[in-house]
Structures are given as C-alpha cells and as structure tokens.
Amino acid sequence: MIYLDNSATTPIHPEVKNAMLPYLMEEFGNPSSKYYSVAENAKKAVKEARNNVASLLGCHDSEVIFTSGSTESNNMVIKGVADLYADKGKHIITSKVEHPSILETCKYLETKGYKLTYLDVDRYGRISVEELKNAINEDTILVSIIWGNNELGSLNNMEEISSVCEENEVFLHTDATQVIGKLDFNLSNLPGITFLSSSAHKFHGPKGIGATFIRKDQYDILTKITPLLHGGGQEQGIRSGTLAVHNIVGFGKAAEIAYTNLYSIIAKLEELENYLIQIINDKFSNQITFNNDSNKKIPGVISVQFNGVNNELLVKQLAPLIAASTGSACSSSKPSHVLEAIGLTIDQVRSTIRFSLNSGIGKDELDVFREL
Ligand code: PMP
C-alpha cells in the first residue's frame with residue numbers, strides 16, 4: 001500500500017523517533033524544575049528544539065510558543081485577540097476556505113457578538129487582496145487567512161496580504177499548517193504577520209505538538225493576547241501546562257530536517273507531483289478534471305475529479321493499494337466547504353479525491369496507478 005494522504009498526517013521520520021526516545025525514558029524531567037540533571041537536560045532539549053523551530057520559521061526563539069498543534073494555536077490566537085482587543089473593535093476577517101478550527105472558532109465568536117467577514121475565493125481557493133483591503137474597517141481587530149489550502153494546495157499571496165495588514169495596522173494571523181517544510185519563507189521578511197500556526201505532524205514530526213508564532217513588538221515585548229489556558233505560566237504565561245518534552249524534541253528534530261533539506265524536499269515533491277499527474281493523465285485522460293492550479297501551490301498536493309465516480313466509494317476501493325482521501329480528514333463526513341467555495345457543483349465535490357505526497361516516496365511506487 002502506498003500512503004498518499006500526507007496532508008492529513010505524515011509518517012514520523014526515523015531520526016525524529018530516535019531523538020524523542022530518551023525523553024520518554026531516562027530524560028523524563030520537567031523543564032520547569034531546577035538544578036538536578038534530568039530537569040536541566042529537559043530544559044536544554046526544549047531550548048534546542050525551540051531554536052530549530054525558530055530557524056525554520058525565520059523568527060526569534062522567544063517568539064515560538066509551544067501548543068498541542070494547529071487546532072489549539074488557531075483557537076488561541078482568534079479567541080485571544082478577540083478577548084483582549086474587544087474594546088478596539090469586534091470585527092474579524094477570514095475566508096470561506098479555512099480549516100474548521102478557524103471557521104468553528106469564528107462561528108463561536110459570532111454567538112458572542114463579534115462581526116465576521118468570510119471572504120470569497122477564486123476558482124483555486126485564493127482570496128482577493130483587493131477584497132481584503134475593502135473589508136478592513138475601523139472595527140477590524142484581526143485578519144486570519146490560510147497560507148496554503150489543505151484540500152487544494154493553493155497558496156494565498158501572503159506577501160501582499162502581509163503588506164495590506166501592516167499598512168492598515170491590523171493584526172494578521174495565518175494558518176501555515178500545510179506550508180511548513182514545503183515552502184521557502186522567512187517571517188523576518190513578512191513583518192505584517194503577527195501570528196502563525198504550525199503543527200509538527202504535517203512534516204514528519206509527532207502528533208499533538210505545534211507552535212504559535214507570536215511577533216515581538218519594537219520594544220521586544222510579545223504581542224499580547226488573552227491565554228487560552230491559564231495555569232503555571234509556562235511559555236511566557238501564554239500557554240500554561242507542563243511542556244511535552246518528548247514531543248517538543250521530536251518537533252525540533254523534524255524542523256531541523258525540514259530546514260536543512262528544504263530545497264531538496266521541494267524539488268522531490270515537484271518531481272513526484274509531475275510524475276503522478278502524467279500517469280493520471282495518461283491513464284484517465286478524458287475522465288478526470290484537476291481542481292488545483294498547476295502553480296503557486298504547495299508541491300505534492302493534487303485534487304482531482306474522477307468524473308461521474310463517487311469519491312467515497314473510490315477511496316474505499318483504492319484503500320488496499322493506495323491510501324488517499326476525499327479531502328480534509330477533519331471534515332470527512334460532510335461535503336467539502338472548500339470545494340463548494342471554489343464553485344464546484346455537489347456532483348463535482350462528490351467525485352473529488354486528494355492525493356498528497358511526501359518526499360520519501362519512490363517514483364516507481366507511483367507506477368501502481370498504471371495498474372488500476
Ligand atoms: N489547519 C490546517 C490547514 C490543517 O490542515 C490542520 C490539520 N488537518 C489543522 C489546522 C489542525 O491541525 P492539528 O492537527 O495540529 O490540530
């Protein structure tokens with residue numbers, strides 16, 4: 001069986017596993033404790049991991065707040081900004097193709113009296129920067145826009161979105177879960193991004209660990225938000241709870257591997273994607289329609305309609321040979337809101353399958369498609 005659902009999650013890299021193991025066993029200390037060796041070793045390991053994550057993101061290590069993943073980071077930023085800046089305004093802008101952890105949080109805030117704008121997207125799932133500009137008003141406290149879409153792979157123009165938010169002095173959060181480790185970017189070149197969500201399990205790290213980037217201001221102070229979790233004050237008081245050292249170490253190792261090999265990972269994903277598209281085209285030519293753009297996208301994500309075929313049935317039939325999905329693993333029971341937002345009919349949505357690759361796949365493994 002070939003695993004082609006890497007947008008849902010990825011296998012842990014063997015080096016990540018090896019880096020984590022000591023912190024599940026002999027190095028079990030709490031990094032908030034002091035003086036004795038297992039605590040100091042845990043503290044050192046967390047520091048090193050934080051540095052690796054910061055290098056990958058292009059930020060300062062004190063701007064990395066460990067969380068349990070992107071669902072938590074997305075909740076933390078949106079609710080945290082909404083709560084602390086409600087006096088300034090109660091308007092938040094997002095898009096129609098965000099992950100449920102954004103959309104459901106926004107819906108919740110609507111019940112609390114916040115005003116939400118859900119921007120439309122083009123046929124590939126990108127927002128219009130012009131529409132974003134027009135939507136910002138004096139009540140706007142936050143813009144939250146997904147960087148790379150989890151179903152289509154399309155990239156929003158984050159440089160322009162960042163500039164617009166900076167010019168308008170409004171906080172910008174981006175859900176970067178799907179682009180990390182697959183896109184060359186540096187947060188120091190995108191000063192308009194104040195918050196970013198990331199998750200280790202999307203790039204060969206463990207599940208249940210991620211980070212929120214929170215930018216420091218000109219006085220070297222982290223942008224303030226109301227914490228989601230109150231408690232012992234870990235993570236600069238923004239995210240309390242004993243640090244999951246083993247997971248953080250795994251996240252750090254995955255970040256180090258992604259950072260060191262970024263260009264070769266991207267090149268490999270592009271090569272595999274082109275190869276897979278070619279095979280699918282050869283094999284199914286007039287029975288398929290690609291939903292995604294061929295450029296300005298996350299490499300290795302393909303969204304394709306098998307005309308007239310029920311996607312749920314096809315994914316099930318393929319399962320012994322190919323692990324794929326009908327779209328997002330987080331909303332697999334409902335028809336995709338992303339595909340509806342790009343204008344597909346319900347029949348087109350229900351015939352769409354997503355194949356998402358990882359750079360460890362051998363080209364010849366994809367030849368299984370020729371045998372279907
Ligand atoms: N945002 C996006 C774009 C995602 O793809 C996912 C994972 N499906 C999440 C958020 C949630 O991430 P996590 O699994 O770390 O909670």
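Q: Which exposed residues sit on the face of α9 turned away from its buried side?
A: This is a predicted model, where local features need pLDDT of at least 70, side-chain atom pairs count only at pLDDT 80 or more, and totals for chains, interfaces and linings use all residues. Residues are numbered from 1 along each chain as its sequence is written, and side-chain values use heavy atoms, leaving out hydrogens and water. Exposed means over 50% relative accessible area, buried under 20% and partly exposed in between (1.4 Å probe, protein chains only). On α9, the face away from the buried side carries L313, K316 and Q317.

Q: Within what arc do the buried residues of α9 fall?
A: Helix α9 (a DSSP run of H or I, at least four residues; strands are E, at least two; both numbered from the N terminus) covers residues 311-318, and its buried residues are N311, L314, V315 and L318. They line one face of the helix, because seen down the axis of α9 they fall within an arc (taken from the directions from the axis to the C-beta atoms) of 100°.

Q: Which elements do the buried residues of α9 pack against?
A: The residues that do the packing are N311, L314, V315 and L318. Their partners are β10 (301-306), β11 (322-323), α11 (346-349) and β12 (352-356).

Q: Which backbone nitrogen does a side-chain oxygen of N310 reach at the start of α9?
A: This is a polar contact (N or O atoms within 3.5 Å, within protein one able to donate a hydrogen and the other to accept it; residues adjacent in sequence count only if both atoms are side-chain atoms). The N310 oxygen comes to within 2.9 Å of the backbone nitrogen of E312.

Q: Which backbone oxygen lies 2.8 Å from a polar atom of the R126 side chain?
A: R126 sits in the loop between β4 (115-119) and α5 (129-135), and counts as buried because its relative accessibility is 10%. Beyond four places in sequence, its contacts (heavy atoms within 4.5 Å) include D120, S154 and D293. The backbone oxygen of L155 lies 2.9 Å from a polar side-chain atom of R126. At 2.8 Å, the backbone oxygen is that of K296.

Q: Is M25 buried or exposed?
A: M25 belongs to the loop between α1 (14-24) and α2 (37-57). Its relative accessibility is 55%, so M25 counts as exposed.

Q: What distance separates the C-alpha atoms of I361 and L272?
A: I361 lies in the segment after β12 and, at 5% relative accessibility, counts as buried. Its contacts beyond four places in sequence include I2, Y3 and L272. I361 and L272 are 89 residues apart along the chain, yet their C-alpha atoms are separated by 8.0 Å.
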